[in-house]
Amino acid sequence: HRHHATMCVSASKESTAADAQTRHDTTRHTKDNLPHKQHTADNTNNSNHDDATALVLNQLTDDQRQMLTAIVSRLDTHKDSVVLTNPLVSNGPIVHVTEAWQQMCGYKASEALGRNPKVTQGAGTDKSVLASMRLALQEQRPCKVRLLNYRGGEGGEPFWNSLTVHPVFRKKQLVLYIARLRDYSFRMTKL
């Protein structure tokens, strides 16, 4: 059985991250006050993560940096499964993931930064759902979908994901996309 739902809705281009609820953030910030996740892995992994972070952050405009900092400061990195991407760079690379996203999707931040969120898609991901998401993103409007994604790592375990994507605007210009993921595997197996 293929279970999927798609709902893409219109929104005002005046949307901002200021509407997000303020929460505690455990993210360390760089000298530019940009988010930088702390990891306890070995030095090689830390070095790779730092390199990936530097590359991704160097591609951000000042407006993107300001919005990214504002958004990240409002997230509970351990509870909110969130990914932010840069729509101004080809392939829309990931610029930030929360700890909860890393746990849900099975990728460390160092493995995800700079990659397209398609990294979690696989053979069972419904192409029609992806097409509706692509259209919403092209039209710079929010979209909510339910689709089958795959965790990183050896097993590539599938999981049902309720994904809500919102464009983030600053000065009426698109600067980021923010996506919140919810694991719906339990609900989908009950159907």
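Two strands count as paired if DSSP finds at least two bridges between them. Keep that rule in hand for this predicted model. β7 and β8 meet it with 10 bridges, in the antiparallel sense. β7 covers residues 158–170, and β8 covers residues 173–183. Two residues sit between the strands of this hairpin.

One of the hairpin residues deserves a look. Lysine 171 lies in the loop between β7 and β8. Its phi is positive, about 55 degrees, although lysine 171 is not a glycine. Most residues other than glycine have a negative phi. Is lysine 171 buried or exposed? Exposed means over 50% relative accessible area. Lysine 171 has 62% relative accessibility, so it counts as exposed.

β8 has another partner. It pairs with β4 in the antiparallel sense, over 4 bridges. Arginine 180 in β8 shows both pairings. Threonine 164 stands opposite arginine 180. Valine 82 stands opposite arginine 180 as well.

Step back along the chain from valine 82 to serine 81. Serine 81 lies in the loop between α2 (62–72) and β4. Buried means under 20% relative accessible area. Serine 81 has 4%, so it is buried. Which residues touch serine 81, once its neighbours within four places in sequence are left aside? From one part of the chain come Thr98, Ala100, Trp101 and Met104. The others are Ala179, Arg180 and Leu181. Arginine 180 thus appears again, this time as a contact of serine 81.

The loop between α2 and β4 also holds leucine 75. With a relative accessible area of 6%, leucine 75 is buried. Its C-alpha atom is separated by 8.2 Å from that of threonine 98. These two residues are 23 residues apart along the chain. Threonine 98 is also among the contacts of serine 81.

Now the nonpolar core. In soluble globular proteins, nonpolar side chains tend to be buried together. The largest nonpolar core here has 41 residues. Which members touch the most other members? They are Leu68, Leu84, Trp101, Leu163 and Leu176. Strand β8 supplies the largest share of this core, with 7 residues.

Leucine 84 shows what such a member touches. Its neighbours within four places in sequence are again left aside. Leucine 84 is in contact with Leu68 and Ile71. Pro93, Ile94, Val95 and His96 are also in contact with leucine 84. So are Leu176, Tyr177 and Ile178.

Beyond β4, the chain enters the loop between β4 and β5 (94–97), where asparagine 91 has its place. Asparagine 91 also has a positive phi, about 75 degrees, although it is not a glycine. At 48% relative accessibility, asparagine 91 counts as partly exposed.

The last stop is the largest pocket. Its volume is about 680 Å³. Of the 28 lining residues, Asn116, Pro117, Lys118, Met133 and Leu137 are closest to the centre. Which elements give two or more residues to the lining? They are β4 (82–85), α5 (127–138), β6 (143–150), β7 and β8. α5 gives the most, with 5 residues. By type, the lining divides into 16 nonpolar, 10 polar and 2 charged residues.

β8 ties these views together. It pairs with β7 and with β4. It gives the largest share of the largest nonpolar core. It also gives two or more residues to the lining of the largest pocket.

Terms used: Residues are numbered from 1 along each chain as its sequence is written. This is a predicted model: local features need pLDDT of at least 70, side-chain atom pairs count only at pLDDT 80 or more; totals for chains, interfaces and linings use all residues. Side-chain values use heavy atoms; hydrogens and water are left out. A nonpolar core is a set of buried Ala, Val, Leu, Ile, Met, Phe, Trp, Tyr and Cys residues joined through side-chain atoms within 4.5 Å. Buried means under 20% relative accessible area, exposed over 50%, partly exposed in between (1.4 Å probe, protein chains only). Contact means heavy atoms within 4.5 Å. On a 1 Å grid over the protein atoms alone, a cavity is a set of points where a 1.4 Å probe fits but cannot get out, and a pocket is an open set with protein on both sides within 12 Å along at least five of seven lines; lining residues have an atom within 4 Å of a point. Grid points are joined across faces, edges and corners, and a volume is the space filled by probe spheres set on the points. Ala, Val, Leu, Ile, Met, Phe, Trp, Tyr, Cys and Pro count as nonpolar, Asp, Glu, Lys and Arg as charged, and the others, Gly among them, as polar.
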